[in-house]
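Student: Could you walk me through this structure while I have it open beside me? I'd like to ask as we go.

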Protein chains: 2
Amino acid sequence: MSQTSTVEAARATAPRDLEPLFAPRSIAVVGASRTPGSVGHAITRNLIYGGFTGVVYPINPKAKSILGCRCTPRLSQIGEEVDLAVLVVPAGAVEDVVREAAEHGTKHFVVITAGFKEIGGEGVERERRLKALAQERGLSILGPNCLGVINTAPHVCMNATFAREMPAAGNLGLISQSGALCTALLDYAKGIGMGFSRFISFGNKVDISEIDLLRSLASDPQTNVILMYIEELSAGQAFVEAVNQITHGPKPKPVLAIKTGRTAQGAAAAASHTGSLAGSDEVYEAIMSQAGVIRVESVKELFDYAEVFGDAALPRGRRTAVVTNAGGPGIMATDACIRNGMELTKFQEYTVKSLRFQLPPTASLKNPVDVIGDAKSDRYRAALDAVTADEGTEQVVVIVTPQMMTDLAQIAHVVGEIRGYCGKPVVACLMGLADIAEAVTVLKRHGVPTFTFPEDAMRALAAKSRYAEWVRAPMQPYQQFDCRREAVERLFAAELDAGRTRLVELQALEALGHYGFPLVPYRLARTADEAAEASEQMGYPVVMKISGPKILHKTDVGGVRLNLRDAEAVRQAYNGMIASVQAKLGKDIEIWGVLVQKMLPPGKEIILGMTRDPRFGPLLMFGLGGIYTEALRDVSFRLAPIRGGMAGEMIRGIRSYRLLEGVRGEAPSDLPAIADCLGRLSQLVTDLPQIKELDINPLIVYAEGTGAVVADARIILSE
Amino acid sequence: MSQTSTVEAARATAPRDLEPLFAPRSIAVVGASRTPGSVGHAITRNLIYGGFTGVVYPINPKAKSILGCRCTPRLSQIGEEVDLAVLVVPAGAVEDVVREAAEHGTKHFVVITAGFKEIGGEGVERERRLKALAQERGLSILGPNCLGVINTAPHVCMNATFAREMPAAGNLGLISQSGALCTALLDYAKGIGMGFSRFISFGNKVDISEIDLLRSLASDPQTNVILMYIEELSAGQAFVEAVNQITHGPKPKPVLAIKTGRTAQGAAAAASHTGSLAGSDEVYEAIMSQAGVIRVESVKELFDYAEVFGDAALPRGRRTAVVTNAGGPGIMATDACIRNGMELTKFQEYTVKSLRFQLPPTASLKNPVDVIGDAKSDRYRAALDAVTADEGTEQVVVIVTPQMMTDLAQIAHVVGEIRGYCGKPVVACLMGLADIAEAVTVLKRHGVPTFTFPEDAMRALAAKSRYAEWVRAPMQPYQQFDCRREAVERLFAAELDAGRTRLVELQALEALGHYGFPLVPYRLARTADEAAEASEQMGYPVVMKISGPKILHKTDVGGVRLNLRDAEAVRQAYNGMIASVQAKLGKDIEIWGVLVQKMLPPGKEIILGMTRDPRFGPLLMFGLGGIYTEALRDVSFRLAPIRGGMAGEMIRGIRSYRLLEGVRGEAPSDLPAIADCLGRLSQLVTDLPQIKELDINPLIVYAEGTGAVVADARIILSE
């Protein structure tokens with residue numbers, strides 16, 4: 001499959017229509033129970049007490065009614081098609097119930113029941129059969145092993161979960177792989193007064209995946225911010241595509257995600273650099289960056305960010321004004337501002353004049369503006385009006401410490417009003433907990449994101465500024481280079497036919513040549529005279545390397561000679577190398593000859609690599625050569641194929657990037673040349689899925705405008 | 001002052017006795033007021049309503065009484081000695097009031113009044129006079145420009161602040177440079193149910209410094225944990241000494257500090273590496289590490305840590321057991337554990353057996369132990385009893401998500417009980433906010449530190465583990481090397497007499513030689529023949545460098561020659577260098593001759609440096625040579641003098657430390673040799689305060705056991 005066709009395939013998968021699952025007119029609860037405390041009772045209760053606008057059919061062969069609702073003994077006896085069936089039956093009965101319901105026209109299912117893949121053994125087989133059934137009958141199944149689904153939209157009001165209660169309605173759509181965590185999320189959100197549009201626990205995802213759910217939240221008009229808790233993703237490139245689409249286009253929505261398992265050691269034990277460095281979290285980090293997901297570290301951060309992202313106004317830039325009634329917190333806010341990559345607005349002269357006119361002489365008129373501890377709401381209003389009117393202010397942080405004179409609730413009203421008309425994001429920090437409750441309520445009513453501490457506020461604002469930049473940058477297409485794919489396929493086929501999966505340098509270079517990589521002139525010489533002749537043609541000095549299908553560690557067997565400066569030296573080297581290799585590896589070792597290359601002038605050494613992740617496909621790696629990659633593990637990753645612009649992000653993504661910008665008076669390195677190679681590598685490994693691993697080590701890069709050259713390469717094919 | 005004497009001086013300053021300030025029998029409030037909302041009223045009210053156990057004398061020339069307390073017109077009319085005077089009079093009147101009170105026997109003062117140094121101009125002069133008065137009369141003055149002081153000890157119950165109310169009693173002692181922040185801290189602490197022993201806002205510290213306050217909290221039996229908010233420190237080495245003493249000895253107390261102003265650009269614009277890298281936050285970071293202060297990033301973290309440190313039991317190590325009723329939070333806890341440098345306990349077989357016997361088959365018996373969503377308190381008890389009994393468990397994190405079945409309050413009781421008898425630190429995470437309030441109260445009553453999220457819990461536990469290690473490690477003495485200090489003093493005096501502050505290499509090497517640094521053999525040759533003779537003696541190859549009092553950039557003027565391999569080459573080089581230097585700098589340039597050095601074999605290049613901070617004194621720097629220091633700014637700092645062991649911490653403190661451990665099969669570098677040089681450098685710059693800057697660049701370090709050698713050095717003296 002070519003690069004384009006992968007992408008087209010991802011795009012071609014039209015989003016699944018899951019609306020009947022989120023807004024059914026009728027729901028059968030199979031396994032409904034009269035026993036308080038049981039899951040089958042909790043779900044029935046949540047549906048009925050939650051105010052579900054459709055019909056609930058409790059299915060129970062023994063009970064007459066549950067919570068006043070007439071029970072039906074079997075789903076098949078309802079006598080009409082039911083839009084959604086929620087299953088709380090024993091694991092062994094799930095398949096039969098789904099089959100029976102499907103026969104009576106139900107197409108959507110929520111399987112709460114646990115006892116599938118997660119218990120191993122028979123559970124795995126049970127889940128496999130359920131998946132097959134879903135595919136065979138074209139059903140949509142959420143779960144199994146999940147908490148269920150909530151839709152707070154007023155025309156639906158569905159709480160098909162066994163959570164303790166219905167959450168408040170709001171604009172957050174949440175999907176979670178962990179059911180148990182969901183109850184914690186609901187309780188925390190309740191405590192901070194945040195509400196949800198949809199809330200979905202997807203469990204083992206036998207059928208409906210996180211990508212299906214992301215897309216359905218993207219098209220839900222009630223959802224403004226998408227939150228995710230995931231432990232692993234089912235797909236890489238499709239996830240990247242889905243979030244790329246969600247965060248661009250006419251109505252972009254931010255996707256905030258917690259991905260746990262950061263420290264788990266990836267199983268990749270491949271011998272190449274790429275393989276050994278691509279621990280699983282690095283793959284996820286690459287996927288998240290590439291997708292445009294805002295990754296958060298904790299539940300607290302998830303909701304902090306959600307509050308700031310919930311205000312739809314995006315900042316135009318990173319310049320921030322701070323207004324405070326206490327110096328210390330102003331310094332804290334400044335520190336947090338700079339450390340999170342934001343800037344403090346440098347006020348225009350008219351702003352400073354206006355502040356000077358209205359504030360007491362002891363006030364600080366520079367940013368952060370200190371309105372002094374005895375400030376009341378009038379002084380906050382004056383300061384906020386002035387700084388929000390400043391053309392350099394792109395967002396505002398208001399800090400209030402509860403001093404003796406502080407009229408907290410009044411100040412909250414003022415902040416709310418100004419946020420309403422100033423057209424710029426405004427965030428409040430009420431520094432305290434006990435005495436500030438009323439003011440917090442006022443701010444929330446006005447839709448002002450409210451924090452306790454400036455650090456949290458600044459971190460969230462910084463994330464939103466980066467998101468605003470991401471959204472504004474047009475999505476670049478996948479680059480296409482003109483390459484000789486068939487030639488490489490023939491080359492690989494010949495190698496595989498000969499039983500070889502590990503390509504030696506000569507063939508690796510040939511393959512790269514077909515994809516337009518900049519190569520140093522080289523020739524395979526089969527005799528000493530041929531080597532001398534080749535050297536004369538390409539010019540001195542030259543490098544010579546032994547070439548043979550089984551000779552992998554050339555240096556160890558005396559198979560590399562550098563800096564040869566005349567024909568005689570080349571002849572001697574040829575004969576010496578052959579002798580040395582035969583001495584080490586035996587007379588019968590197959591030798592194709594010696595690779596003669598023009599010796600490259602020194603430049604910066606770069607490593608480009610690819611390893612194929614068993615789940616996510618080709619993973620590109622970029623790093624500086626030598627210790628930077630090997631000892632300091634300072635590398636960046638992206639899934640192939642990459643869009644235009646992404647190679648630049650990879651290059652800037654390493655810690656030692658400064659060394660490529662030119663330090664100590666050096667010229668900067670030729671970054672476009674590296675980016676071009678990364679683009680070609682992306683296309684090569686996407687076009688040719690038989691490449692299992694690939695290392696270009698080193699790519700020598702020269703000063704800006706003078707290019708880069710592949711000095712050595714290695715390719716391993718899948719058997 | 002020699003290294004020892006500096007230290008002795010710091011030690012010799014006996015802690016000031018501030019007890020009368022914290023536990024006075026009588027307090028005069030000068031400027032007490034009947035007007036609600038005024039500061040003079042608030043303080044009087046807080047003292048009286050707060051339950052102060054001594055006598056309050058409101059001083060007001062007009063009012064008869066305030067809050068039922070009889071007023072006295074002037075302090076001098078009270079008719080007895082007052083232990084403490086709290087001043088709320090206008091700034092211009094402060095000096096006179098202090099003088100009057102001092103004449104009547106008052107020795108301790110809290111000056112709430114603002115309008116001193118912080119307003120500049122006349123305020124600076126006013127503060128200077130107040131300081132002089134304090135010194136002249138031997139008074140103790142807290143402030144000016146502060147919130148005041150609180151002591152919750154039952155025999156005192158003093159709230160001499162204008163905060164909104166008296167905080168709860170507890171074991172936290174807090175000192176803060178910002179008064180306004182204090183009110184936020186008090187409100188936040190009230191919200192999370194934490195209390196204080198003493199709470200001190202110290203403002204402009206005209207007299208009483210943060211060090212005095214630290215020492216007084218250290219000796220206060222009610223205080224177990226010391227919290228600080230500081231914007232700047234008054235002293236470096238004395239602060240380090242004070243905290244070193246507080247965190248060691250018979251009853252160590254942890255010191256947690258917020259230091260703001262992280263991103264402020266230091267003023268150091270010195271041209272040397274050291275100078276240009278020592279931004280002010282790097283100095284503070286060095287002071288904090290060296291002192292043993294636990295630096296936190298935010299108010300939230302300050303109280304998170306305070307809660308965990310408030311439990312006096314220190315963990316024996318970093319091995320942590322986690323018990324949870326939900327998988328997702330268990331993964332989060334695992335991530336946070338590893339990322340914070342902690343370890344998960346690997347359970348003994350008997351523990352796993354016990355868990356298997358008591359938990360349901362679906363439970364996860366490995367660490368984290370998952371007792372499954374329907375767990376009630378009995379199951380938590382079984383799991384906690386098993387894991388706390390495991391000899392490998394050094395601390396425990398209990399996670400509870402509020403599921404349908406979860407008996408939160410009961411579980412809280414169980415956790416509290418087990419913490420009571422297991423003898424290991426136990427921390428709880430109740431993941432939620434709304435429904436968990438009762439359980440939190442139960443846990444707090446049992447003294448179990450309680451968090452919402454496992455990340456925060458693990459971060460705090462990790463800090464406590466590091467603190468436990470710090471406390472257990474005995475404080476090493478300051479190292480003493482046998483050095484020829486007088487010889488160096490003579491050398492410097494001669495240079496200064498000659499009007500030179502910038503020592504050239506030859507003299508820098510001589511000074512280092514007197515302090516026992518490993519030097520390569522060198523000799524100053526005054527003729528070509530002398531150079532050749534010197535080379536013959538030391539053996540080839542040699543390096544030659546021009547030497548003259550005004551020749552600073554030797555390479556630029558053709559004054560350096562490397563790798564000279566015979567006498568003839570040395571003679572030619574000598575003459576060539578002289579000619580080249582004269583051609584560039586003029587015939588009259590003073591040339592002492594040529595420094596002939598044995599050429600060093602290649603090794604790792606290290607930079608050692610010192611720059612003298614105008615406030616804190618000599619700041620040592622350590623880094624790898626070349627781009628690591630210059631471009632990547634990967635360096636570590638400490639104030640001199642350093643204790644034994646501290647050099648090792650400096651060396652391990654750089655990001656690229658791995659390169660010194662030996663990568664790609666290299667032998668590790670000779671770290672003791674570097675540490676030895678750092679120790680000698682510390683002594684040199686402490687002994688000789690006239691050294692303003694010093695760079696050893698590079699120090700060439702060889703493989704373990706084979707030493708290090710100074711290859712070049714530069715010293716700048718103060719004028």
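**A working chat on the model**

Tutor: Let us start from one residue: A:Asn563 is found in strand 24 (residues 560-564) of chain A. Please keep in mind throughout that this is a predicted model.

Student: Okay, what is the phi of A:Asn563 near?

Tutor: Phi of A:Asn563 is near 60°, which is a positive value in a residue other than glycine.

Student: And is A:Asn563 buried or exposed?

Tutor: A:Asn563 is exposed, because 10 other C-beta atoms lie within 10 Å, and a residue counts as exposed at 12 or fewer.

Student: What about A:Asn145, where does that lie, and is it buried or exposed?

Tutor: A:Asn145 lies in the loop between strand 7 (140-142) and strand 8 (148-151) of chain A, and its phi, near 65°, is also positive in a residue other than glycine. A:Asn145 is buried, since it has 24 other C-beta atoms within 10 Å, and the cut-off for buried is 20 or more.

Student: Let me zoom out. How many helices and strands are there in chain A?

Tutor: Chain A has 25 helices and 31 strands, and its C-alpha atoms fill a box of roughly 95 × 80 × 35 Å when taken along the principal axes. Of the 719 residues of chain A, 53% count as buried. If you look at contacts in chain A between residues at least 6 apart in sequence, 73% of them join residues at least 24 apart.

Student: How can chain A be laid on chain B?

Tutor: A turn of 180° with a shift of 0.0 Å along the axis lays chain A on chain B with an RMSD of 0.1 Å, which is the relation of a two-fold axis.

Student: How many residues are in contact between chain A and chain B, and which elements of chain A give two or more residues?

Tutor: In the contact between the chains, 61 residues of chain A meet 61 residues of chain B. The elements of chain A that give two or more residues to its side are helix 6 (179-191), helix 11 (299-310), helix 12 (327-339), helix 22 (627-630) and helix 24 (658-661). Helix 12 of chain A gives the most, with nine residues. By type, the residues on the side of chain A that touches chain B divide into 28 nonpolar, 19 polar and 14 charged.

Student: Why do the copies meet through the same surface?

Tutor: It follows from the overlap: 100% of the interface residues of chain A are also interface residues in chain B, so the copies meet through the same surface.

Student: Switching to chain B, what order does the open sheet of four strands have?

Tutor: The order is 22-25-23-24 in chain B, with antiparallel pairing. Strand 22 (522-525) and strand 24 (560-564) of chain B are the edge strands, each pairing on one side only, and neighbouring strands of this sheet are turned by 20° against each other on average, with direction ignored. Strand 23 (residues 542-547) of chain B is joined to strand 24 of chain B by three bridges, and B:Lys545 stands opposite B:Val560 in strand 24 of chain B.

Student: Which helix packs on the sheet?

Tutor: Helix 21 (residues 567-585) of chain B does, touching strand 22, strand 23, strand 24 and strand 25 of chain B, and its direction makes about 25° with that of strand 23 of chain B. Helix 20 (residues 528-538) of chain B lies across strand 22, strand 23 and strand 25 (593-598) of chain B, running at about 15° to strand 25 of chain B.

Student: Which residues does a cis peptide bond join in chain B?

Tutor: In chain B, a cis peptide bond joins B:Tyr540 and B:Pro541, with omega about -10°, and B:Pro541 lies in the loop between helix 20 and strand 23 of chain B. In chain A, a cis peptide bond joins A:Ala640 and A:Pro641, where omega is about 0°.

Student: Last topic: which residues of strand 9 of chain B are buried?

Tutor: In strand 9 (residues 158-161) of chain B, B:Met158 and B:Ala160 on one side and B:Asn159 and B:Thr161 on the other are all buried, and both faces are covered. Strand 9 of chain B pairs with strand 8 (residues 148-151) of chain B in the antiparallel sense over four bridges, and B:Asn151 stands opposite B:Met158.

Notes: Residues numbered from 1 in each chain as written. Chains lettered and ligands numbered in written order. Predicted model: local features only at pLDDT ≥ 70, side-chain atom pairs only at ≥ 80, totals over all residues. Least-squares fit on C-alpha atoms with pLDDT ≥ 70 in both. Contact = placed C-beta atoms within 7 Å. Nonpolar A, V, L, I, M, F, W, Y, C, P; charged D, E, K, R; others polar. Pairing = 2+ DSSP bridges. Axes fitted to C-alpha atoms, helices over the stretch in contact; angles between N-to-C directions.
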